[in-house]
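Thanks for coming. I will take the symmetry, then the interfaces, then the salt bridges.

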Amino acid sequence: MHSLEISTRGQRLYEITSAVSEWVRQQRMQTGLLTLFCRHTSASLLIQENADPTVRSDIEAYFDRIAPEGGPYRHDSEGSDDMPAHLKTALTQVQLSIPVIEGGLALGTWQGIYLFEHRVRPHRREIVLHLIGE
Amino acid sequence: MHSLEISTRGQRLYEITSAVSEWVRQQRMQTGLLTLFCRHTSASLLIQENADPTVRSDIEAYFDRIAPEGGPYRHDSEGSDDMPAHLKTALTQVQLSIPVIEGGLALGTWQGIYLFEHRVRPHRREIVLHLIGE
Amino acid sequence: MHSLEISTRGQRLYEITSAVSEWVRQQRMQTGLLTLFCRHTSASLLIQENADPTVRSDIEAYFDRIAPEGGPYRHDSEGSDDMPAHLKTALTQVQLSIPVIEGGLALGTWQGIYLFEHRVRPHRREIVLHLIGE
């Protein structure tokens, strides 16, 4: 069990693949299952392409369009970016599990792991890493 | 392994955090992974803010807007709320895994676990709880 | 650990329930957790109704509407179906975990497991199956 802390500065995808992979390698577990759990309701997790950066900016822009600020929300006491942040979190996920094979993550060639920050102001986010196996 | 049964009365988020936490505590497992699995295709699982109730009503209203009744659906034999229910389930998830630390769920301060009922009529929903660890 | 290979021919839901169930049965594990992990960023996993086929075609049509080709995307070098494919993957998931009870998957009566192919051209997709338990 490990806790990964990430300081975010605004709404975007933050790649955490290296930090997660490195921790898994250090555990020296050959075969198992890694679970990432994001302990927040306005930031989420996503596995997406880590090659062309325009994929990321298109994803960010897309979620802004389908969960826009200024919608007919009742909950607005925490700022206009707060309710969209909850919706974007609901549309993605706060938990991801990835098999571990031969001591490393079973990610595909183009897959990167991202923390998806949905709030404008800087935040400190915590992701719990849990590993089980042999 | 345990089966949690929830009687729903209409489309909304039903908090199940206490029932799930209590069962986990009773298992007296120090470190592990809890998996919740919803055995339905028109109800789903969501982790969201459990403080301000307007967050929940905004989430419910949002999913009604993006997966509305009366859309251009071919499948309508089970009522006008059925196809939107399948879509809302597809947009959220039927499975959630949460690490267990020191005998309890590693949820963040504001995170609650919800069953998201998407059908209008009363239903009996079953969520399988599976725990693995030491 | 096992790798399931699926040859797809265009954008639709491909049912993989039988192949997954069969592999799980062969492992002769009584109680455990199966994790499916899709090693791609333009194809995803979904658990949905496997009875009426119009549910599937409605789901496919719905995702085409909310993540359409021809949107205001910057990433278009890999074809007009590529960015919608990433968005549909982000809106669904690349990982699913299902409890195993009495040697079989704890799926509900109407639940089937699907690979959701989002690209037009034929692809060879790989899904890693990981099983842990007793």
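What follows is a short walk through how the chains fit together and which charged side chains pair up.

First, the ground rules. This is a predicted model, in which local features need pLDDT of at least 70 and side-chain atom pairs count only at pLDDT 80 or more, while totals for chains, interfaces and linings use all residues. Residues are numbered from 1 along each chain as its sequence is written, chains are lettered from A and ligands numbered from 1 in the order in which they are written, and side-chain values use heavy atoms, with hydrogens and water left out.

Symmetry, then. Two copies of a chain are related by a rotation about an axis and a shift along it. Here, a turn of 120° and a shift of 0.0 Å along the axis lay chain A on chain B with an RMSD of 0.0 Å. The two copies are thus related as by a three-fold rotation axis. The superposition is by least squares on the C-alpha atoms of residues with pLDDT of at least 70 in both copies. Which residue of chain A comes closest to that axis? It is L91(A), with its C-alpha at 3.4 Å.

Now the interface of chain A and chain B. Counting contact as heavy atoms within 4.5 Å, 29 residues of chain A touch 34 residues of chain B. The buried area is about 2500 Å², and carbon and sulfur atoms give 61% of that. Buried area here is the accessible area, taken with a 1.4 Å probe, that two parts lose on being put together, summed over both.

How many salt bridges cross between chain A and chain B? The rule finds zero. That rule asks for a side-chain nitrogen of Lys or Arg within 4 Å of a carboxyl oxygen of Asp or Glu. There are, however, 15 residue pairs in polar contact between chain A and chain B, both residues at pLDDT 80 or more. A polar contact is a pair of N or O atoms within 3.5 Å; within protein, one must be able to donate a hydrogen and the other to accept it, and residues adjacent in sequence count only if both atoms are side-chain atoms.

On the side of chain A that touches chain B, β3 (32–38), α3 (82–91) and β8 (123–133) each supply at least two residues. The largest share, six residues, comes from α3(A). Helices (H or I, at least four residues) and strands (E, at least two) are DSSP runs, numbered from the N terminus. By class, this side of chain A has 15 nonpolar, 11 polar and three charged residues. For the classes, Ala, Val, Leu, Ile, Met, Phe, Trp, Tyr, Cys and Pro count as nonpolar, Asp, Glu, Lys and Arg as charged, and the others, Gly among them, as polar.

Next, chain C against chain B. This contact takes 34 residues from chain C and 29 residues from chain B. The two chains bury about 2400 Å² between them, 61% of it on carbon and sulfur atoms. In chain C, the residues that lose the most area to chain B are D58(C), Y62(C) and Q111(C), together 22% of what that side buries. Again the rule finds zero salt bridges across the interface, and the count of residue pairs in polar contact is 15. Elements of chain C giving two or more residues to this side include α2 (53–66) and β5 (95–101). The largest share, nine residues, is from α2(C). By class, this side of chain C has 18 nonpolar, 12 polar and four charged residues.

Last, the salt bridges. Over all chains, the structure holds 18. In chain B, E126(B) pairs with R39(B), the closest N and O atoms being 3.0 Å apart. E126(B) lies in strand β8 and R39(B) in the loop between β3 and β4 (43–49), so the pair ties together parts that are 87 residues apart in sequence. E126(B) is partly exposed at 21% relative accessible area, and R39(B) is partly exposed at 25%. On this scale, buried means under 20% relative accessible area, exposed over 50%, and partly exposed in between, with a 1.4 Å probe and protein chains only.

In chain C, E5(C) and R124(C) meet in a salt bridge at 2.9 Å, N to O. E5(C) sits in strand β1 (residues 2–8) and R124(C) in strand β8, 119 residues apart. E5(C) is partly exposed at 45%, whereas R124(C) is exposed at 55%. Finally, in chain A, a network of salt bridges links D81(A), D82(A) and R119(A).
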